[in-house]
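Work through the following exercises with the sequence and the model side by side, and attempt each task before reading its solution.

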Amino acid sequence: MNERKRIPDTPALGKKGGKLHSKRVPLVAGNWKMNTTLVQATSLARNMLGELDGVNGVEKVLCPPFISLAAVHEVLRGSSVKLGAQNMHFEEKGAYTGEVSPAMLAGLCEFVILGHSERRQHFGETDQIVNKKIVLALKNKLRPILCIGERLEDKKSGKTEEIIAGQIAGGLDSVDATREIVIAYEPVWAIGTGISASGEKAAATIGFIRHAVGRLWNSNVAQDLVVLYGGSVTGSNIAEFISYPEIDGALVGGASLQPSEFVSIVSQTAAIKGGSAGS
Ligand code: 13P
């Protein structure tokens, strides 16, 4: 059976200039992961800020390491570039040595990446833990960027949709329908490998994601959700993804550490999705 036939409510894919559903604002986030010292982080943010600030029609988010959040927050103050954290703890506060609570982030960040595959893989984060974090992030007025995606072995055994449906059902369990959540589809095999998914495949999977969220919540909210692609996105391949109307932007790892690459990704997203650059 053809994959499209298993997603009955998803509109047919097509390269239609990448225009979005009217309520969805495109978003490009840079996940700096465990890179940059305090000095490097502020200088990286400063190096990109002018050009990023000049791009309209796209939400631009930088996600430095925890230790640099306050300093980068100062750099971004007064600009249109927003700040995100890469993780947070699943409790409000308490005896969790070395952890960072949602309340600590709430004054600094608008976004928080949750359930990244590197957290799932190296730190044992389960869908239940991710779910607790989503609930607390929303309670603290942080917008979660919920990361989901299949591993290579899942893809090879044809389990992509099953894995993704499980991550959505588990991660959003008992969460009321909300447009505050951003979902990032990041196939694990595409992260940091230089092997990205094809735009067509990513768009089809994102169509499935919206369908699965629609079944859990309702199709109106699902259609309004911003859903990103992540995994080896660069200035050279971003157009391949965002030219599909299903894909609202990107979660960028390695390329977000290079100012010219990240600015190029953001500018192309604005141009293709109908925003303007340099106004
Ligand atoms: P890369 O862009 O380095 O593949 O990383 C993607 C990612 O994990 C973003 O969260």
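Two residues are taken to be in contact if their C-beta atoms, placed from the backbone, lie within 7 Å. The model is a predicted one, in which local features need pLDDT of at least 70 and side-chain atom pairs count only at pLDDT 80 or more, whereas totals for chains, interfaces and linings use all residues. Residues are numbered from 1 along each chain as its sequence is written.

**Exercise 1. The nonpolar core**

Task: Find which residues Ile209 touches, not counting residues up to four places away in sequence, and state which helix gives the largest share of the largest nonpolar core.

Solution: Start with the contacts of Ile209, which are Ile164, Ile168, Ile183, Tyr185 and Val227 once residues up to four places away in sequence are set aside. Next comes the core itself, where a nonpolar core is a set of buried Ala, Val, Leu, Ile, Met, Phe, Trp, Tyr and Cys residues joined through C-beta atoms within 7 Å. Here a residue is buried if 20 or more other C-beta atoms lie within 10 Å of its own, exposed if 12 or fewer, and partly exposed in between. The largest core has 82 residues, and those touching the most other members are Val112, Ile145, Ile183, Tyr185, Ile209, Leu228 and Ala250. Helix α8 (residues 199-216) supplies the largest share of this core, with eight residues; helices (H or I, at least four residues) and strands (E, at least two) are DSSP runs, numbered from the N terminus.

**Exercise 2. Two helix pairs**

Task: Classify the packing of α5 with α7 and of α1 with α2 by orientation.

Solution: Axes are lines fitted to C-alpha atoms, for helices over the stretch in contact, and angles run from 0 to 180 degrees between N-to-C directions. Angles under 35 degrees count as roughly parallel, over 145 as roughly antiparallel, 65 to 115 as roughly perpendicular and the rest as oblique.

For the pair of helix α5 (residues 127-139) and helix α7 (residues 160-171), the angle is about 45° and the axes are 8 Å apart, so α5 and α7 are oblique to each other. Their contact involves Asp127, Gln128, Val130, Asn131 and Ile134 of α5, together with Gly166, Gln167, Gly170 and Gly171 of α7.

For α1 and helix α2 (residues 69-76), the axes come within 9 Å and cross at roughly 25°, and the two helices are therefore roughly parallel. On the α1 side the contact is made by Leu38, Ala41, Thr42, Ala45, Arg46 and Leu49, and on the α2 side by Ala71, Val72, Val75 and Leu76.

**Exercise 3. Positive phi outside glycine**

Task: Decide whether Lys33 and Ser232 are buried or partly exposed.

Solution: Lys33, in the loop between β1 (27-31) and α1 (38-53), has a positive phi of about 50° although it is not a glycine. Lys33 has 19 C-beta neighbours inside 10 Å and therefore counts as partly exposed. Ser232, in the loop between β7 (226-230) and α10 (238-242), is likewise not a glycine and has a positive phi of about 60°. Ser232 has 20 other C-beta atoms within 10 Å, so it is buried.

**Exercise 4. Val28 and its surroundings**

Task: State how far apart the C-alpha atoms of Val28 and Asp248 are, and which residues Val28 is in contact with.

Solution: Val28 belongs to strand β1 and is buried, since 28 other C-beta atoms lie within 10 Å. The C-alpha atoms of Val28 and Asp248 are separated by 8.5 Å, although these residues are 220 residues apart along the chain. Beyond its neighbours within four places in sequence, Val28 is in contact with Val58, Lys60, Gly249, Ala250, Val252, Ile265, Val266 and Thr269.
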